[in-house]
There are 2 protein chains.
Amino acid sequence: MNVPDKINLNEKFAEFDDRWSPKIVGDLDDYHIKLVKVEGDFVWHTHEQEDEMFVIIDGVLDMDFRDRRVTLGPGEFIVAPKGTEHKPHAEGVCNIMLLERQGVINTGDARTSDLTAGTGKRL
Amino acid sequence: MNVPDKINLNEKFAEFDDRWSPKIVGDLDDYHIKLVKVEGDFVWHTHEQEDEMFVIIDGVLDMDFRDRRVTLGPGEFIVAPKGTEHKPHAEGVCNIMLLERQGVINTGDARTSDLTAGTGKRL
């Protein structure tokens, strides 16, 4: 039997401190469960083929879409639909659990951004 | 543009009270994001083709596998891998966010259980 251990989110968040660099902490079929710390302003980008789920664990996230801003706190989530421009922003540090298909690049179509961190490294 | 609203987990959990009956509150590609309240003992079952992610939002969940019990609290998650027998159990009420492919039946291969609630209804 090959059951992965449970994951304690706060323990995992304590293991890293860099911003905008997703860490893979679990697998769900061909999806990755990632943790990321964000602070400040990200880039406008789109994932053409994949939805992206943001679950706020700690802090506050502003998710900008072209027609509105959605502000999320702990215990809230939003799904950025495939093909939809979005730009995360956080005044302070915000700890987020991401769910997205394997191989998704954090900056989507904005691949030349200084913030491009690839598809995430396993923590 | 078709961006779904954010979801506040506690607000959604306040909208229902039945046990072992997953409610669909979001979509991620062809996956469903579901909320479920559990209490007491579920049935041993397996999902042959799908992994199943359990994120504990409130309360305590015991997840029994054939060789061990994993006890989870708020801010913890576990993935029950495809093909692996498991049985959730909770002494008190436990609020869980589930992520699994569309069409997964809650009792998996144990389809004749009194607890079979199908693939979940949209909340």
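**Two copies, one surface**

Student: With 18 C-beta neighbours inside 10 Å, how does D29(A) count?

Tutor: Keep in mind that we're looking at a predicted model. Being buried takes 20 or more other C-beta atoms within 10 Å, and being exposed takes 12 or fewer. D29(A) has 18 such neighbours, so it counts as partly exposed.

Student: And where in chain A is D29(A) found?

Tutor: Its backbone catches the eye: phi of D29(A) is near 50°, a positive value in a residue other than glycine. Most residues other than glycine have a negative phi. As for its place in chain A, D29(A) is found in the loop between strand 2 and strand 3 (31-41).

Student: W20(B) has a positive phi too; is W20(B) buried or exposed?

Tutor: Right, phi of W20(B) is near 60°, and the residue lies in the loop between helix 1 (9-13) and strand 2 (23-28) of chain B. The cut-off for burial is 20 or more other C-beta atoms within 10 Å. W20(B) has 20 of them, so W20(B) is buried.

Student: Zooming out, in what order do the elements of chain A run?

Tutor: Chain A has one helix and nine strands. Reading from the N terminus on, a strand precedes the helix and the other strands follow it. In short: β-α-β-β-β-β-β-β-β-β.

Student: What is the radius of gyration of chain A?

Tutor: The C-alpha atoms fill a box of roughly 45 × 30 × 25 Å along the principal axes. For 123 residues the globule rule gives 14 Å, and chain A comes close to that, so it is as compact as a globular protein of that length. The radius of gyration of chain A is 14 Å.

Student: By what turn can chain A be laid on chain B?

Tutor: The fit has an RMSD of 0.0 Å, with a shift of 0.0 Å along the axis, and the turn is 180°. The two copies are thus related as by a two-fold rotation axis. So the turn you asked for is 180°.

Student: What percentage of the interface residues of chain A are also interface residues in chain B?

Tutor: The contact takes 30 residues from chain A and 30 residues from chain B. The copies meet through the same surface, because the share of interface residues of chain A that are also interface residues in chain B is 100%.

Student: Which element gives the most to the side of chain A that touches chain B?

Tutor: Several elements each supply at least two residues there, including helix 1 (9-13), strand 2 (23-28) and strand 8 (87-101) of chain A. By class, that side has 15 nonpolar, six polar and nine charged residues. With four residues, the one that gives the most is strand 7 of chain A.

Student: In strand 1 of chain B, which residue is the bridge partner of F77(A)?

Tutor: Strand 7 of chain A pairs with strand 1 (residues 7-8) of chain B in the antiparallel sense, over two bridges. Within strand 1 of chain B, the bridge partner of F77(A) is I7(B).

Student: And inside chain B, which residue stands opposite F65(B) in strand 6?

Tutor: Strand 5 (residues 61-65) and strand 6 (residues 68-72) of chain B pair in the antiparallel sense over five bridges. A hairpin joins these two strands of chain B through two residues. Opposite F65(B) stands R68(B).

Student: Last one: how many residues does the largest nonpolar core have?

Tutor: Among those with the most contacts inside it are F54(A), I96(A) and L61(B). L61(B) touches, among others, V38(B), F54(B), L72(B) and I96(B), not counting residues up to four places away in sequence. The number of residues in the largest nonpolar core is 58.

Notes. Residues are numbered from 1 along each chain as its sequence is written. Chains are lettered from A and ligands numbered from 1 in the order in which they are written. This is a predicted model: local features need pLDDT of at least 70, side-chain atom pairs count only at pLDDT 80 or more; totals for chains, interfaces and linings use all residues. Two residues are in contact if their C-beta atoms, placed from the backbone, lie within 7 Å. Ala, Val, Leu, Ile, Met, Phe, Trp, Tyr, Cys and Pro count as nonpolar, Asp, Glu, Lys and Arg as charged, and the others, Gly among them, as polar. Two strands pair if DSSP finds at least two bridges between them. A nonpolar core is a set of buried Ala, Val, Leu, Ile, Met, Phe, Trp, Tyr and Cys residues joined through C-beta atoms within 7 Å. Copies are superposed by least squares on the C-alpha atoms of residues with pLDDT of at least 70 in both. The radius of gyration is taken over C-alpha atoms; the globule rule is 2.2 Å times the number of residues to the power 0.38.
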